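Please open the model in your viewer and keep the selection tool at hand, since this tour goes from one group of side chains to the next.

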Amino acid sequence: MEKWNRGLGHLFMTIFLHNYSAFMVIPAITDVTMSALCPGRDECSIAIYLTGFQQAIIGLGTLVMTPFVGKLSDKYGRKALLTIPLTFTGIPLGILAYSRTKSFFYLYYVFKTLIAMVCEGSVHCLAFAYLADNVPEGRRASAFGILSGISSCGFVCGTLSTRFLSTSSTFQVAALVSIAAVVYMRVFLPDTIIDDNLSVPILSKVKLGVSESDQGSSKKGRFLKSLPSPNGMVALLKTSPTLLQAGIVAFFSNLAEVGLHASMMYFLKAEFHYNKDQFADLMVISGIAGTISQLLLMPILAPLLGEERLLSIGLLFSTSHMFLYGVAWSFWVPYAAAMFSIISVFAQPCMRSIVSKQVGSREQGKAQGCISGICSLANVVSPLAFSPLTALFLSDNAPFDFPGFSIMCTGFSSMIAFIQSMMISAVPPIASHRISNCNHMEP
């Protein structure tokens with residue numbers, strides 16, 4: 001037990017470093033994008049459309065890859081699969097650390113899109129699965145909340161650092177911290193391998209007595225069979241009504257969150273002339289509120305109220321703060337709306353905890369990957385729906401004067417998730433045995 005307590009501590013440190021490097025560039029990326037594409041302007045439709053297109057392409061990639069990575073981790077261990085996204089996500093940061101001219105921005109854009117198609121969301125998906133491997137069911141909601149709190153802490157420290165760094169230094173520090181996250185994880189994090197019969201690593205040598213061509217053909221066949229299909233994901237969701245309801249909540253809540261973050265910065269820049277420092281201030285307020293809540297309040301409230309009720313409460317506050325952003329009438333209103341994060345952050349860890357209790361120990365990666373895949377589908381749909389709305393209502397050709405209309409629409413999406421969450425009843429955990437015999441999901 002002491003070994004795994006140390007393991008969880010090392011996991012938390014890895015996630016902190018990863019989030020620190022990933023989030024510290026977010027306040028600066030809007031200014032970098034605008035400077036590269038529309039220098040000297042506060043409104044730029046091409047930047048909005050390029051960001052939306054990138055999110056849609058990334059969502060298509062992660063829709064397939066995140067369930068696949070989660071499933072592989074059930075067999076080969078979480079550490080081996082964590083190495084891949086942690087290593088590659090630092091490459092786009094290194095490009096902008098070197099230069100932020102228009103040509104280097106497009107180079108970053110291409111690398112970011114291609115790498116994120118494979119790696120986006122994988123780190124947190126595998127972290128949730130690692131946590132589920134080593135935490136009893138009764139303490140899992142609190143543990144998931146602590147993991148989310150550590151993520152928020154990395155978010156706060158990253159965005160706070162941005163407040164005191166120049167744009168070039170921001171990307172340089174982010175790239176270095178990204179490298180530190182990989183090194184720390186490889187050195188300190190103990191592995192978990194769920195399949196006790198596993199006898200070969202991911203990259204194995206050719207077996208004796210088998211020709212290289214036959215070996216390659218066999219590996220190719222196993223690889224193709226191991227790729228998750230939509231039918232397999234649907235079959236897994238159908239094994240439990242609670243899993244299906246959690247999948248619906250995941251889709252609509254992520255649809256709203258992605259739409260909000262894709263629209264909010266361009267909305268605030270166009271309406272209130274926000275810059276990098278103000279974006280950082282806003283994110284720090286939201287992050288501090290979420291960190292305190294997840295680390296201190298959630299471990300107390302989760303056992304008292306239950307994950308299902310806490311999920312609904314979180315989504316209710318999430319919906320409210322989106323509506324408040326949408327009708328913002330002054331520069332200080334978004335700061336007030338950011339305080340809603342103290343409650344809205346409960347939604348994600350509660351949903352993940354509910355999912356973890358509906359599958360067996362050998363299916364944690366597959367289940368968490370399935371939910372991440374659903375979130376990725378929302379990542380595809382959201383920019384297609386909200387980016388054109390944002391560009392339209394921030395332009396001079398808006399059909400009516402409502403600059404925050406697209407953000408208001410994200411609030412309605414979050415409301416659908418809230419209504420669905422109210423229908424999730426407390427179901428006894430069934431993670432003690434295997435519930436899924438889905439041949440579609442098996443290699």
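Begin by selecting F105, Y106, Y108 and Y109, which together form one aromatic cluster in what is a predicted model. The structure as a whole holds 16 aromatic pairs. Now keep F105 and Y106 highlighted: their ring centres are 5.8 Å apart and their planes stand at 65°, and because an angle over 60 degrees counts as edge-to-face, this pair is given that name. F105 has a relative accessibility of 3% and therefore counts as buried, whereas Y106, with a relative accessible area of 33%, is partly exposed.

Next, select F128 and F144, a tilted aromatic pair with 5.2 Å from centre to centre and 35° between the planes. This pair links distant parts of the chain, since F128 belongs to helix 7 (residues 122-134) and F144 to helix 8 (residues 140-163), with the two lying 16 residues apart. Are these two rings buried or exposed? F128 is buried, having a relative accessible area of 5%, and F144 counts as buried too, at 0% relative accessibility.

For the last stop, turn to the surface and select I84, F88, I91, L107, V110, F111 and L114, which make a nonpolar patch of about 580 Å². Helix 4 (78-88) and helix 6 (102-119) each supply at least two residues of this patch, and the largest share, four residues, comes from helix 6. Finally, pick out F88, which has its place in helix 4; its relative accessibility is 39%, so F88 counts as partly exposed.

Notes. Residues numbered from 1 in each chain as written. Predicted model: local features only at pLDDT ≥ 70, side-chain atom pairs only at ≥ 80, totals over all residues. Heavy atoms only, no water. Patch = residues over 30% accessible without salt bridge, like charges linked within 9 Å, V, L, I, M, F, W, Y side chains within 5 Å. Areas by Shrake-Rupley, 256 points an atom, 1.4 Å probe, with all protein chains shown as cover. Salt bridge = Lys/Arg side-chain N within 4 Å of Asp/Glu carboxyl O. Buried < 20%, exposed > 50% of the residue type's maximum accessible area, 1.4 Å probe, protein only. Phe/Tyr/Trp six-rings, centres within 6.5 Å; stacked < 30°, edge-to-face > 60°.
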